[in-house]
Amino acid sequence: MAEIILHSDLNCFYASVEMNENPSLRGKAIAVCGSTEDRHGIVLTASYPAKRMGVKTGAANWQAKQACPGLICVPPHYELYLKYSKLVPKVILVTLKSK
């Protein structure tokens, strides 16, 4: 049996997880941001609508809000991202087997 190596690039992963957990965020300009109070506060990832408005990964929270005044900033939930990232290979495997 041939070995298959598959690289999965999960664009906007943190934002996608947040939208899956909270469907009211779907289709909106959201950014998962570090805490301004605890650290410097930067954008960890942004949804596609936010990216279209100029929100960039690594930008300071204030810069992101300047670029996209209606931006919804949500705190990161790393335990959820870990849970979802462990599901990705299983989903891919099931998809490959069904073909």
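Which side chain of opposite charge is nearest to Glu-18, and how far away is it? The nearest one belongs to Arg-26, 11 Å away, and Glu-18 is buried yet has no salt bridge. Buried here means under 20% relative accessible area, exposed over 50%, and partly exposed in between, for a 1.4 Å probe and protein chains only. A salt bridge is a side-chain nitrogen of Lys or Arg within 4 Å of a carboxyl oxygen of Asp or Glu. Lys and Arg count as positive and Asp and Glu as negative, while His and the chain ends are not counted.

The model is predicted: local features need pLDDT of at least 70, side-chain atom pairs count only at pLDDT 80 or more, and totals for chains, interfaces and linings use all residues. Residues are numbered from 1 along each chain as its sequence is written, and side-chain values use heavy atoms, with hydrogens and water left out.

The chain has 4 helices and 3 strands, which run α-β-β-α-α-β-α from the N terminus on. These elements are DSSP runs numbered from the N terminus, with helices (H or I) of at least four residues and strands (E) of at least two. Of the 99 residues in the chain, 31% are buried. Among contacts with a separation of 6 or more, 48% join residues 24 or more positions apart; a contact means heavy atoms within 4.5 Å.

Glu-18 itself is found in helix 1, residues 13–21. Its side chain forms a polar contact of 2.5 Å with the side chain of Tyr-81. A polar contact is a pair of N or O atoms within 3.5 Å; within protein, one must be able to donate a hydrogen and the other to accept it, and residues adjacent in sequence count only if both atoms are side-chain atoms. Not counting residues up to four places away in sequence, Glu-18 also touches Leu-25, Ile-30, Val-32, Val-74, Pro-75, Pro-76 and His-77.

Several of these neighbours recur in the largest nonpolar core, whose 12 residues include Leu-25, Ile-30, Val-32, Val-74 and Tyr-81. Such a core is a set of buried Ala, Val, Leu, Ile, Met, Phe, Trp, Tyr and Cys residues joined through side-chain atoms within 4.5 Å. Helix 1, strand 1 (30–33) and helix 4 (78–97) each supply at least two residues of this core, and helix 1 gives the most, with 4 residues. A second, separate core of 10 residues includes Ala-29, Ala-31, Ala-46 and Val-55.

Cys-12, also in the largest core, lies in the segment before helix 1 and counts as buried at 6% relative accessibility. Its phi is near 55°, a positive value in a residue other than glycine. Most residues other than glycine have a negative phi.

A search of the whole structure finds 0 disulfides, a disulfide being a pair of cysteine sulfur atoms within 2.5 Å. Cys-33 is buried, with a relative accessible area of 5%, but its sulfur is 3.7 Å from the closest cysteine sulfur, in Cys-73, too far for a bond. For Cys-68, the closest cysteine sulfur is also in Cys-73, at 8.8 Å, again too far for a bond.

Cys-33 is in turn one of the residues in contact with Asn-61, which is placed in helix 3, residues 61–67. Asn-61 is buried, with a relative accessible area of 8%. A polar atom of its side chain lies 3.0 Å from the backbone oxygen of Gly-34, and one lies 3.4 Å from the backbone nitrogen of Ile-42.
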